[in-house]
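Biologist: I'm new to this one, so could you walk me through it with a few questions and answers?

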Amino acid sequence: MQILIIGGFGYIGSQLLESIAAHEKYRNCNIVVVDNWSYGRGMAPLQALFESRLPHFHSYCLDFSEPGDATFRDLVKSSDFIINVASLTQVPSTNLHEKYIIDGVRVLTELLTAENAGKLRKVIDISSTSIYGPVRTRMPDVTPPYSEQVYPDPAVALHNYAASKLVAEKIWQSDRCQGLPFTVFRLSTVFGYAVGMRYNQFINQFLVDAAAGRRTILPGSPDNIRPFVHIRDTADLMLHLLEQAPQTNGEILNIGAARLNPRLGDLFERLSALLSNEFGLKPDYAFAADLGQPTLEESYQVDFSKFEKLVSFPLRHDFESGARELLTRVLGRA
Ligand SMILES: NC(=O)c1ccc[n+]([C@@H]2O[C@H](COP(=O)([O-])OP(=O)(O)OC[C@H]3O[C@@H](n4cnc5c(N)ncnc54)[C@H](O)[C@@H]3O)[C@@H](O)[C@H]2O)c1
């Protein structure tokens with residue numbers, strides 16, 4: 001059995017590798033990472049770590065959005081399972097989103113639907129709940145919570161990252177991909193500790209800044225509503241779906257939970273109380289809108305009922321447990 005993880009040296013990819021390493025059932029499995037090493041120096045330690053932890057681990061430094069790469073073609077053909085977690089998430093606005101997200105999915109789906117396609121059993125691709133960004137202002141007839149049926153025009157997306165995710169979703173839903181065992185996650189913003197952690201987003205940034213005594217300027221305003229999901233739940237859910245949820249084939253799913261979709265002002269008050277009570281920290285933070293700074297007001301309450309109905313998988317982690325673990329790691333406490 002072979003699992004191919006595209007973008008496997010990123011935040012979610014590193015947790016996927018950890019979760020795989022923690023399961024005896026993957027011991028004899030070929031685990032293959034394709035990553036173009038976009039983030040440079042973080043990649044080599046991850047490569048060395050997973051070479052030591054996984055008995056059948058291979059990694060290839062290549063850009064999967066380049067058509068005609070023979071190595072990538074062969075890897076796609078020989079893989080039973082493919083998870084695409086490649087993006088440039090740490091670079092907010094770049095034309096490379098179009099290349100890495102849209103061209104990447106185009107190349108991947110062309111290989112998967114070629115006449116001599118391989119032995120694929122499941123492919124998971126990751127979109128984002130940030131595609132709902134313009135709904136509140138540009139689609140006034142749509143009332144929250146937003147279900148998967150809501151598809152904003154990519155032309156009104158709040159950034160080219162979200163626009164590219166919307167276009168990629170349409171590729172998966174095209175006639176060509178009908179019959180492919182794909183599931184696309186509209187994934188909430190991920191938080192929590194992972195070995196290849198991202199710091200530059202909401203909760204992780206807030207916690208790391210607080211631990212370091214730095215001020216955090218949070219995007220948007222306290223009244224914005226945003227969905228989140230813990231990194232380990234995200235990785236474990238992906239692995240769960242590989243073999244155990246054929247009913248999700250051909251589906252786009254909002255991934256998250258109503259209890260993890262709070263008003264930001266309330267969330268950061270809760271986290272501040274935890275930091276103060278349990279770690280003796282006094283976080284210094286403000287919302288960009290309150291400071292009069294230019295900011296995107298992304299706010300969306302998301303409907304997770306399709307995910308809950310189709311997939312029997314509890315999201316175990318909450319904000320408090322995730323924050324406690326991350327801070328304990330960052331502060332070097334046992
Ligand atoms: N982290 C989140 O909060 C979040 C939320 C919603 C959706 N997503 C999506 O989930 C996926 C993973 O997110 P992440 O936080 O792990 O991102 P990340 O930026 O930490 O990791 C992405 C990885 O992809 C690699 N990569 C980028 N372009 C590539 C290419 N063309 N070929 C090969 N490798 C390439 C990078 O080098 C990096 O290692 C992305 O598609 C992202 O858009 C993430």
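Biologist: Let's start with the ligand: which residues are closest to the ligand?
Modeller: Keep in mind that this is a predicted model. In it, 31 residues surround the ligand. The closest of them are Gly7, Gly10, Ile12, Ser38 and Ser87.

Biologist: And which element gives the most to the shell around the ligand?
Modeller: Several elements chip in: H1, S2, helix H4 (96-113), strand S5 (122-128) and strand S7 (189-191) each supply at least two residues of that shell. The top contributor gives three residues, and that is H1.

Biologist: How many residues of the shell around the ligand are charged?
Modeller: The shell has 15 nonpolar residues and 13 polar ones. The charged residues in the shell come to three.

Biologist: Over to strand S1: is S1 largely enclosed by the rest of the structure, or largely open?
Modeller: S1 covers residues 2-6, and four of its five residues are buried. That is why S1 counts as largely enclosed.

Biologist: What is the handedness of the crossover from S1 to S2?
Modeller: S1 and strand S2 (residues 30-35) pair in the parallel sense over five bridges, and Leu4 stands opposite Val32 in S2. Between these strands the chain passes through helix H1 (residues 11-21), making a β-α-β crossover. Its handedness is right-handed.

Biologist: Which residue in S4 is the bridge partner of Ile6?
Modeller: S1 also runs parallel to strand S4 (residues 81-84), joined to it by four bridges. Within S4, Ile6 has as its bridge partner Asn84.

Biologist: Which element gives the most to the largest nonpolar core?
Modeller: That core has 90 residues, and Leu4, Ile5, Ile6, Leu16, Val34, Val76 and Ile83 have the most contacts inside it. The element giving the most to this core supplies eight residues, and it is H4.

Biologist: Which residues is Ile83 in contact with, leaving aside neighbours within four places in sequence?
Modeller: Ile83 is one of the residues with the most contacts inside the core. Once those sequence neighbours are set aside, its contacts are Ile5, Leu16, Ile124 and Met238.

Biologist: Last one: is Leu75 buried or exposed?
Modeller: Leu75 lies in helix H3 (residues 70-78) and touches Leu4, Val32 and Val34, not counting residues up to four places away in sequence. Gln2 is 73 residues from Leu75 in sequence, yet their C-alpha atoms are 9.1 Å apart. The cut-off for being buried is 20 or more other C-beta atoms within 10 Å. Leu75 has 24 of them within that distance, so Leu75 is buried.

How values were computed: Residues are numbered from 1 along each chain as its sequence is written. This is a predicted model: local features need pLDDT of at least 70, side-chain atom pairs count only at pLDDT 80 or more; totals for chains, interfaces and linings use all residues. A residue is buried if 20 or more other C-beta atoms lie within 10 Å of its own, exposed if 12 or fewer, and partly exposed in between; C-beta atoms are placed from the backbone. Two strands pair if DSSP finds at least two bridges between them. A crossover is right-handed if, with the strands pointing away from the viewer, the path from the first strand over the helix to the second runs clockwise. A residue is near a molecule or strand if its C-beta atom, placed from the backbone, lies within 6 Å of it. Ala, Val, Leu, Ile, Met, Phe, Trp, Tyr, Cys and Pro count as nonpolar, Asp, Glu, Lys and Arg as charged, and the others, Gly among them, as polar. A nonpolar core is a set of buried Ala, Val, Leu, Ile, Met, Phe, Trp, Tyr and Cys residues joined through C-beta atoms within 7 Å. Two residues are in contact if their C-beta atoms, placed from the backbone, lie within 7 Å.
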